Each structure stands twice: as C-alpha cells, then as structure tokens.
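Let us read a protein model together, one feature at a time. Please keep the structure open beside the text.

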Amino acid sequence: MKVIGIETSCDETGVAIYDSNKGLIADLLYSQIQLHKDYGGVVPEIASRDHIRKTMPMIHEALVMSNCSPEDIDGIAYTAGPGLIGALLVGSSIAKSLALAWGIPALGIHHMEGHLLAANLSDEPPSHPFIALLVSGGHTQLMRCENYGNYELLGESVDDAAGEAFDKVAKMLGLGYPGGPEVAKAAKKGDHNRFTFPRPMTNKPGLNFSFSGLKTFVLNTINDLEHLEGTDIADIACAFEDAVVDTIRIKCERALKQTGLNSLVIAGGVSANLCLRDVLGMMTSKNDCKLYYPETNLCTDNGAMIAYAGYQRLSIGQSESLEIKVRPRWPLNELVAT
Ligand code: KG4
Ligand code: ZN
C-alpha cells in the first residue's frame, strides 16, 4: 500500500510517500522560516498563502522521485488539525480534490498522532502500551497509549507549551526563531551553576505542567542584569534548558511509576533536544525502562509522519467523506481507536 502524506498545519509544507513494503519512498520538506523570521513568529495568512504555492509542486516532485504515477497511490493522508485553520484548509482541500480526481480515499490525520507515530519509522519502534510525552510548539502532554488511537490524557501544560516557552525565551535573549534549537545551541557554552531556575509544579502531585512562570523568571533575571552579554545569554539559556528538561524528567518518571508501564516515547519538536534525550535516557535506564524517539529530522513537522499515520488507519479500512473539514482544536483522546 502506498500513501501520500500532506502536512500543512503551521509553517512547514511536508509531502511524503509511505510504502508499506519499502518504507518512505519520498520525503520532502519546505520550511517557511525565512518568511516569518522578521515577525518573530508565524503569521497565519502568510503561512496559508505559501502552502498554496508549495503543496502541489511538492506532490508532483514526490511522485517523480519515487517513480510513482497517481495510479500507484492507494490513499492520501492530510493533517486535519490541530493547527492554523487557513493552513489546514490548504492541505485538506488539495487532499480531497486529488482523492476525487484519482478515485482513492483521503483521510484526515491528527497532527499529534502523526508526531507520536513518527517513532515507528525508526529502526527500533516501540510497542504498546507505553507512556507518550508529546512536546511541541503547541502541546505538552503526557498520554497513556494503550493501542493505536486509544490515548488517555494523563497531564498537560496548563499554560505555555514547552516549545512555546523555548521560542519566547529565545526572543527575550535576542536569539533567532524557532527558538528551541537556538536556545539549545547557546546553552552548550553556558555555566550550569550560575543561575538556578524553578522546576514548576514539581512539588505538587499530578502530571500537569506550567511553563509560563518560568518564562517570567527568565525575564526578571534578564532585567536584573545591567547588560545582556554573550556569557549571560549562554548561562540563562543553560539554566532555562536545565529547568525545562528537569521538570519534564520528574513528570515522566512519575507517569511511568504511576502507571507501572516501562516504555516512554517522546515526540514533537522539543524531542529533538539532545539534553532532553540524554536526561530521559538516564532516567529510563535507572528505572529499567526504555526510551524511544523519532529520528531527529522526524521530530519537527514533516509529511512522513502523516503518510505513516494515514497508512495505519487506511490499512484497516478507515475512511471519510469528501467533505472538507478541519479542526483547529482537537483533543487527542477524542480519536477513534483502530
Ligand atoms: O512539532 P513542531 O515542529 O511543531 C508543532 O507542532 O508545534 O515543534 C516546534 C517546536 C518549536 O517551539 C521549536 O522551538 C521546538 O519545537 N524545538 C526545539 C528543538 N527543536 C525544535 N526545542 C528545544 N530544543 C530543540 N532542539
Ligand atoms: Zn508539530
């Protein structure tokens, strides 16, 4: 079975083809970062217009590079939410139009399920049940994953997502966008002992997160300094990264102990963070558990994860009408189990 995946939920156009016999046979990604850079964040209208320009040519290129013609394709998967409504509508309209023209099914995929299933594309995929930590620019969630599509929310951020906090702190430090990789890069040269930032909500029971206070703590630290110099930026980035990673470690360890499960899957843009992977790797091995994550290029938004999630659902016969419908807000635990 061959499935085209289309990802257009935010500022990346991703198109990929997943072949159930051969794996990924095309995987194209175009990032709009340059278009949004001057604004310090994603401008929704610019994002939608650019997805319109890029998606069809990328689908064509993916077919050419994989030596496929439309007759070889069995289904189309597109991101139906959560995300920016205009951007989602571009991917869904194209997917449904091609489905109608080619006489094949198109299926809307939950963006976060796509992130989660990206770990299945690695050499050593996880098996159910497991705990999933979904950490992206819009979500910080701990889920119990019993099976495909059977997700129980255990805890989530009550305010900013971890990735969002990275992006905002990067802005405060005068670093580029997206902030996560920039903060991580600056943190490498930082002194771990100069500042200690709080680990929010770790003294309270439960599995929720909060990163908004930590962000304010960073702002106050910056304001207390007379000038923000290179070493200050590195030291603050380092203390911030340590605080986010340590907070996540505490909550993940708690989720594993609370559920008695012994596998942890991390996914979403922030799961590309090397410090987070190291710390969670040590925590899981200390507890006789195993850590899984997607390959680095599949942690952030991409079409491959949508193609693969689409394959999982289309292969069991899941289908939907040709109506164009997207969900900018969409709780993951409302998905139909497969
Ligand atoms: O999953 P993603 O590409 O898009 C969403 O679904 O939101 O995640 C993007 C987020 C951004 O906030 C970005 O700053 C963060 O992931 N990110 C990182 C790293 N790479 C990307 N955060 C920390 N360290 C990284 N290496
Ligand atoms: Zn994402």
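What follows is a short dialogue between a learner and a teacher.

Q: What kind of model is this, and how are its parts numbered?
A: This is a predicted model, where local features need pLDDT of at least 70, side-chain atom pairs count only at pLDDT 80 or more, and totals for chains, interfaces and linings use all residues. Residues are numbered from 1 along each chain as its sequence is written, chains are lettered from A and ligands numbered from 1 in the order written, and side-chain values use heavy atoms, without hydrogens and water.

Q: How many helices and strands does the protein chain have?
A: Both are DSSP runs, numbered from the N terminus: helices are H or I with at least four residues, strands are E with at least two. The protein chain has 10 helices and 10 strands.

Q: What radius of gyration does the protein chain have?
A: The radius is taken over C-alpha atoms, and the globule rule is 2.2 Å times the number of residues to the power 0.38. For 338 residues, a compact globule would come near 20 Å, and the protein chain agrees with 20 Å. Its C-alpha trace spans about 65 × 45 × 30 Å along the principal axes.

Q: How many of the residues count as buried?
A: Buried means under 20% relative accessible area, exposed over 50%, and partly exposed in between, with a 1.4 Å probe and protein chains only. Here 53% of the 338 residues count as buried.

Q: Which residues coordinate the zinc ion (ligand 2)?
A: Donors are N, O and S atoms within 2.8 Å of the metal (3.2 Å for Na, K and Ca); water is not among the atoms, so sites may look incomplete. The zinc ion (ligand 2) is coordinated at 2.0 Å by His111 (NE2), His115 (NE2) and Asp301 (OD). His111 lies in helix α4 and Asp301 in the loop between β10 and α10, so the pair ties together parts 190 residues apart in sequence. His111 is buried at 6% relative accessible area. Asp301 is buried too, at 12%.

Q: Which residues does Tyr18 touch?
A: Contact means heavy atoms within 4.5 Å. Tyr18 sits in strand β2 (residues 12–19). Not counting residues up to four places away in sequence, Tyr18 touches nine listed partners, among them Met1, Leu121 and Tyr311. The C-alpha atoms of Tyr18 and Gly303 are 9.6 Å apart, though 285 residues separate them along the chain.

Q: Where is Ser263 placed?
A: Ser263 is in strand β9 (residues 263–267). Ser263 is buried, with a relative accessible area of 9%.
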